[in-house]
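I opened my notebook to look up a few things in this structure. Come along and follow the entries one by one.

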Amino acid sequence: MIVAERKAIGDIVRMIEDARRVLVVGCGTCVTVCLAGGEKEVAVCASLLRLHDRNRDGDMTVAETTIERQCEWEFAEQLEDMAADSDAILSLACGAGVQTLVAHFPDTPVLPGLNTQFIGIPEEQGVWTEHCLACGECVLDRTGGICPVARCAKTILNGPCGGSQDGKCEIDPETDCAWQLIFDRLKRLGRLHVLEEIEPPKDWSNSSDGGPRKVKREDMIL
C-alpha cells in the first residue's frame, strides 16, 4: 500500500491561509490503513483548522468528507457540489489522489495535506516499512520474494556486499540485510541454485527517470 504522513499543521495552515471556505477530503484506502487520511484523520485535521481559525478570530468555514478513492474519477465526481462551495480543497491522500482532484477541479486550488512516503507494508502496530520502489522491472521471482532494490541500502542485485554483520546492514545496524533475508528464504525453499545465475544490470529506463509512466491494457479500453 502507499504510505503517507500528515504534514505539520503549521504547514497546512500556511497553505490555506487565504481561503475562507476549505474542504478537507480524505481517502478510504491506503492512507486510511496507515492512519494518515481516513475519516478520523480528516476529523482531527478539520478540528485543528477550526481551532486555529478561532484563535485568530477568523471567519473560515471547514467542511469535511471522505471518499472511497481519490485517485479514481468516479469517486472524485462525488465531490462536485462540495467543491463548488469551496475556495480550496485540502487533500488527505497520496500525490496521485491530489493530482486526480487537480484534474477534476481545475478552477479550485487543491492542496496536499500529506507527504507521500513509499509503497510498504505494516511491520507492527503503528509502523510501516518500505518494501517496493515501483521500479518497473520486478525481480522477486529470483530473490525469494524479497526486494533487493527497495530493501538493500545499496540496491545490489547480486549481493551481498560483504559489509553486513550478523545479518544486519552495515549502513544501519537496526536494518536486516536484504541479501541475508534472500539467502535464508531461498535456502528454506530449496532454491539456492537460483543465486548461481548472475542478474544483469538493471534496466532503469523502466523506472521514473523518463517522465510519467503509463500502463495501457488494450483489452480493457472501450
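**Entry 1: a helix and a charged patch.** I started with E80 and found it in helix α5, which covers residues 80-84. A note to myself: this is a predicted model. Next I asked whether E80 is buried, partly exposed or exposed. Its relative accessibility is 42%, and buried means under 20% while exposed means over 50%. So E80 counts as partly exposed. I then looked at the surface and saw that E80 belongs to a negative patch, together with E74, E77, D81 and D85.

**Entry 2: the inside.** Which residues have the most contacts inside the largest nonpolar core? I listed V22, V24, V31, L49, L90 and L92, in a core of 24 residues. I also checked which elements supply at least two residues each: they are β1 (2-6), α1 (9-16), β2 (21-27), α3 (39-55) and β4 (88-92). The largest share comes from α3, with four residues. There is also a second, separate core, which has 12 residues, including V25, L79, I89 and L101.

**Entry 3: one residue up close.** I picked V22, which lies in strand β2. Why does V22 count as buried? Its relative accessible area is 1%, and the cut-off for buried is under 20%, so V22 counts as buried. Last, I looked up how V22 and C177 are placed: they are 155 residues apart in sequence. In space, their C-alpha atoms are 46 Å apart.

Terms used: Residues numbered from 1 in each chain as written. Predicted model: local features only at pLDDT ≥ 70, side-chain atom pairs only at ≥ 80, totals over all residues. Heavy atoms only, no water. Patch = residues over 30% accessible without salt bridge, like charges linked within 9 Å, V, L, I, M, F, W, Y side chains within 5 Å. Areas by Shrake-Rupley, 256 points an atom, 1.4 Å probe, with all protein chains shown as cover. Salt bridge = Lys/Arg side-chain N within 4 Å of Asp/Glu carboxyl O. Lys, Arg positive; Asp, Glu negative; His and termini not counted. Charge placed at Lys NZ, Arg CZ, Asp CG, Glu CD. Buried < 20%, exposed > 50% of the residue type's maximum accessible area, 1.4 Å probe, protein only. Core = buried A, V, L, I, M, F, W, Y, C linked by side-chain atoms within 4.5 Å.
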